[in-house]
Amino acid sequence: MSTSQYDIVVIGSGPAGATTARVAAEQGLRALLVDKRQELGAPVQCSGAVSRHALEEVGIQPADEFIHEAIYGFGIYDQDGSETIIDYRQLKPDEYGQGANKKPLGYVVDRRRFDRCLMTMAERAGVEVWLKTEGLGYVVNSSGSCTVQLRHFNKEISVEAKVLVGADGLQSQVGKWAGLHTHIKLTELASCLQFVVDQVETDGLLEIITGHEWAPGGYAWVFPKGYGYAEIGLGVIRTMTKENAQWHLDQFIQHSFFKTRFKNSRILEIQGGGVPLAAPLRTQYSDNLILVGDAARHVNPITGGGIHTALSGGRIAGQFLAKLIREGVAPTKENLAGYQEQWLEELGNKMWQLYKEKCQIFKTKNLKRRDAMLYQTMSSYFSPHSEYKKI
Amino acid sequence: MPKKEPVIFFIGWNACINCGACVAVCPQKAGFISPFDTIAVNTPCDIACMVCEDICPVSTITHEPAPKPA
Ligand SMILES: Cc1cc2nc3c(=O)[nH]c(=O)nc-3n(C[C@H](O)[C@H](O)[C@H](O)COP(=O)(O)OP(=O)(O)OC[C@H]3O[C@@H](n4cnc5c(N)ncnc54)[C@H](O)[C@@H]3O)c2cc1C
Ligand code: SF4
């Protein structure tokens, strides 16, 4: 048993947790960041697409260490292959491209290297980081702090903190410890599978293929992955199909309008996961506790993208906690509610709007009409005029 | 509705891709997890909603009735 004291203990060193801890430490808090894995980001459960803006907003320099490939736009397809190409190299040629003084719109990152880099940034900002450390539970103390139980290389350790941050991803247990309503319905969790492949050409665009035939309830994607590799994947809502994601991915590769393009593809890696196409948690805080990132369901319910929202959520959480603790405010449920208010104002209210749009699409019974709505929404979502383009 | 009979889950580890989707969708209380980050495999589940089996992208979760207490 140890009685180390921290301002905050963060469980989970993904984009959300590492950013929360770093921002808090930069503002003077004593932070402990733990992750149960031995290598962050592995096994990979993500395609790694993230905008440049999302990185810069939280002070992350795009670096070769984690970038697989630069992205310059989007290709959105309907079920039969009609396309909307949004290529910023053509839309804004002075700004976007490979030449001098030009920049990419975003990147496909390697989550193993990316998460490691974010952890390093936190470390260098003064955060204490422990890998192979699993969060087991927490209790609120009468003194106003909380005790967090951890297991580190088989040793049980207790640490004391003013606030526990649950950044433990979609499989979050921390929210359950506090009795928060974290359960996600089968109708709102996309079952995803992706292959990293060789011999599929790409052109600096994130390609998104809509249509019930290929990915009921979700969509399929083809992302450039660097070194001439690509990522082919899809997510399905299992209440909308009898078959699993693996079956749908095989169908997509062998029978879609891209079948000739995929003909010689060779599988190099197999990855998957769950993507919530759901609303953010209604309550993301409790006594001495807040949730951030996937754990709070800070995920874009239309695209399923969660790296940007995890990073931004981490920044908001880190800043909020630094101020609260510096000012000596007690971390009670009532006082931590301000974190969620801040988050809603900066990000969350737009995510609620997106959720309503998503529901509108998927409650449409007529399949043809639903497919058309999804194609239209995706196409306008990524357009330069989209009000959501920064989420 | 009659209460469901408790079940024990089995994971075909050869096909499991460690994606964590089964844990994400599971309505059980905290800690219903195996050391390999899947749903628990040696603890009876009394909810038996089977959504973990549905969400699994490679359909590698199966179940049997939990042994009755002696
Ligand atoms: C197939 C797939 C493709 C995706 N593609 C994209 C994409 O292209 N772009 C995008 O923006 N988003 C994508 N996402 C979503 C994105 O991966 C997540 O939203 C993002 O990783 C959330 O970050 P996070 O920090 O909240 O959680 P995570 O990245 O999940 O990190 C959580 C961390 O907590 C640790 N942890 C969990 N429990 C404990 C515990 N008890 N004790 C200690 N540590 C613990 C885990 O080991 C993990 O390191 C994709 C998701 C999937 C499944
Ligand atoms: S959902 Fe299936 S593949 Fe994913 S971790 Fe669970 S058992 Fe393994």
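In this predicted model, ligand 1 is surrounded by 33 residues, and the closest of them are Asp35(A), Ala49(A), Arg111(A), Gly135(A) and Asp294(A). A second ligand, ligand 2, has 13 residues around it. Chain A also contains an open sheet of 3 strands and an open sheet of 7 strands. The points below take the ligands first and then the strands.

**Ligand 1**

- The backbone of Lys36(A) places an N or O atom 3.1 Å from a nitrogen atom of ligand 1.
- An oxygen atom of ligand 1 lies 3.3 Å from a backbone N or O atom of Gly48(A).
- For Ile307(A), a backbone N or O atom is found 2.9 Å from an oxygen atom of ligand 1.
- Ala49(A), one of the closest residues to ligand 1, also stands opposite Val108(A) in β7(A).

**Ligand 2**

- The residues that come nearest to ligand 2 are Cys16(B), Cys19(B), Gly20(B), Cys22(B) and Cys56(B).
- The shell around ligand 2 consists of 9 nonpolar and 4 polar residues, with no charged residue.
- Ligand 2 takes up the space of the second largest cavity.

**The sheet of 3 strands**

- The strand order in this open sheet of chain A is β3-β7-β4, and the pairing is antiparallel.
- At the edges stand β3 (49–51) and β4 (67–71) of chain A, each of which pairs on one side only.
- On average, neighbouring strands of this sheet are turned by 30° against each other, direction ignored.
- Between β3(A) and β7 (residues 106–109) of chain A there are 3 bridges, in the antiparallel sense.

**The sheet of 7 strands**

- This open sheet of chain A has mixed pairing and runs in the order β6-β5-β13-β14-β15-β12-β16.
- Its edge strands, β6 (83–87) and β16 (266–276) of chain A, each have a single partner strand, so one side of each is left without a neighbour in the sheet.
- From one strand to the next, the twist averages 15°.
- Within this sheet, β5 (residues 73–77) and β13 (residues 205–209) of chain A are parallel and share 5 bridges.
- Phe74(A) stands opposite Leu206(A) in β13(A).

**A hairpin in chain A**

- Strands β9 (residues 133–140) and β10 (residues 146–152) of chain A run antiparallel and are joined by 7 bridges.
- Tyr138(A) has Val148(A) in β10(A) as its bridge partner.
- β9(A) and β10(A) form a hairpin with 5 residues between them, and Gly144(A) in the turn has a positive phi of about 100°.
- In a regular strand, side chains alternate between the two faces of the sheet.

Technical notes:
Residues numbered from 1 in each chain as written. Chains lettered and ligands numbered in written order. Predicted model: local features only at pLDDT ≥ 70, side-chain atom pairs only at ≥ 80, totals over all residues. Heavy atoms only, no water. Pairing = 2+ DSSP bridges. Helix = DSSP H or I, 4+ residues; strand = E, 2+ residues; numbered from the N terminus. Axes fitted to C-alpha atoms, helices over the stretch in contact; angles between N-to-C directions. Near = heavy atom within 4 Å. 1 Å grid on protein atoms, 1.4 Å probe; cavity = no way out; pocket = protein on both sides within 12 Å on 5 of 7 lines; lining within 4 Å. Sits in = over half its atoms within 2 Å of the grid points. Nonpolar A, V, L, I, M, F, W, Y, C, P; charged D, E, K, R; others polar. Polar contact = N/O pair within 3.5 Å; in protein donor to acceptor, adjacent residues only side chain to side chain.
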